[in-house]
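Me: I'm new to this structure and would love a close look at a single part of it. Could you pick one residue and walk me through its surroundings?

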Amino acid sequence: METEKNFEKKELRHSRLCRLLIACAFVFLALRISITVIEIMRLWGRPEAEVILIDTGYSYRFEMFAGYAQCSYLNIPAEARMVSRKTFCMAWLILSVMTEDLPVLAVLGYLRKIMKVIRESHSPFVPQTVSCTQKIGWLILLTGIFGEAVLQMGMGLLVYRVPYLMNPLNFFWIFAGAVVLLVGDILKWGCDLQEFSDETL
């Protein structure tokens, strides 16, 4: 009984903070996606003349009803002519949600599931945490490989009618995904060892 109480004290020390941070990030991201969806609907009903793009010298910026959105020159072809400002804004918002917000939202969802499983099982070495960790790793890795490519190619084809790719690999995300996959293998090894230990006892 005393051991279980000590474990609960240790568990409460950090996991509650992690769950709180994950919940806050989840709410913030869900709110951001909701605002983006509302802005896309507003843009759909606005005439072209009311859509204003601001050239900052290194990006295009346009105002939203809550804040603003900004597209770097790196994500669009340099000398091509855009179809329309309205198409530019809508394409950028849709592709940004697809390649940035939704993958992060999925990662947060898996993290919440991992925290719940650990809290209920009192151990990280269970098959559910291994599965969720591996899914997070692959999701981050694939986002690092294809995220920028989808964004750039989408903007090129939808807005400028030309294919476009410029250094699409995000090596930070690729490295992070590889590390998470390694952690998944370590958790799987620990899970196998714990299962073997339980069978031995």
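Reply: Happy to! Let's take Phe-88, keeping in mind that this is a predicted model. Setting aside neighbours within four places in sequence, Phe-88 is in contact with Leu-53, Tyr-60, Cys-71, Ile-76, Met-82, Met-155, Val-159 and Tyr-160. With a relative accessibility of 0%, Phe-88 counts as buried.

One of those contacts, Tyr-60, deserves a closer look. The ring centres of Tyr-60 and Phe-88 are 5.6 Å apart with the planes at 75°, so this pair is edge-to-face. It links distant parts of the chain, since Tyr-60 belongs to strand S2 and Phe-88 to helix H2, 28 residues apart.

Searching the whole structure gives two aromatic pairs. Tyr-60 also pairs edge-to-face with Tyr-73, at 5.6 Å centre to centre and 70° between the planes. Tyr-73 sits in the loop between S3 and H2 while Tyr-60 is in strand S2, so this pair ties together parts 13 residues apart in sequence. Unlike buried Phe-88, Tyr-73 is partly exposed, at 29% relative accessibility. Through these ring pairs, Tyr-60, Tyr-73 and Phe-88 become a cluster.

Now for the strand that holds Tyr-60. The sheet is open and has three strands in the order S1-S2-S3, paired antiparallel. S1 (54-55) and S3 are its edge strands, each pairing on one side only. Two bridges join S1 to S2 (residues 59-63), and Asp-55 stands opposite Tyr-60 in S2. Helix H2 packs on this sheet, touching S2 and S3, and its direction makes about 90° with that of S3.

Phe-88 also has a place in the largest nonpolar core, which has 20 residues. Phe-62, Phe-88, Cys-89, Trp-92, Leu-93 and Met-155 are the ones that touch the most other members. Helix H1 (2-45), strand S3 (68-72), helix H2 (85-121) and helix H3 (127-160) each supply at least two residues of this core. H2 gives the most, with seven residues.

Finally, there is Cys-71, another contact of Phe-88. Cys-71 is buried, at 0% relative accessible area, but what about a bond to another cysteine? The closest cysteine sulfur, in Cys-89, is 9.6 Å from that of Cys-71, too far for a bond. Cys-132 is likewise buried, at 2%, and its sulfur lies 13 Å from the closest cysteine sulfur, in Cys-191, again too far for a bond. With a cut-off of 2.5 Å between sulfur atoms, the count comes to zero disulfides.

Terms used:
Residues numbered from 1 in each chain as written. Predicted model: local features only at pLDDT ≥ 70, side-chain atom pairs only at ≥ 80, totals over all residues. Heavy atoms only, no water. Buried < 20%, exposed > 50% of the residue type's maximum accessible area, 1.4 Å probe, protein only. Core = buried A, V, L, I, M, F, W, Y, C linked by side-chain atoms within 4.5 Å. Helix = DSSP H or I, 4+ residues; strand = E, 2+ residues; numbered from the N terminus. Contact = heavy atoms within 4.5 Å. Pairing = 2+ DSSP bridges. Axes fitted to C-alpha atoms, helices over the stretch in contact; angles between N-to-C directions. Phe/Tyr/Trp six-rings, centres within 6.5 Å; stacked < 30°, edge-to-face > 60°.
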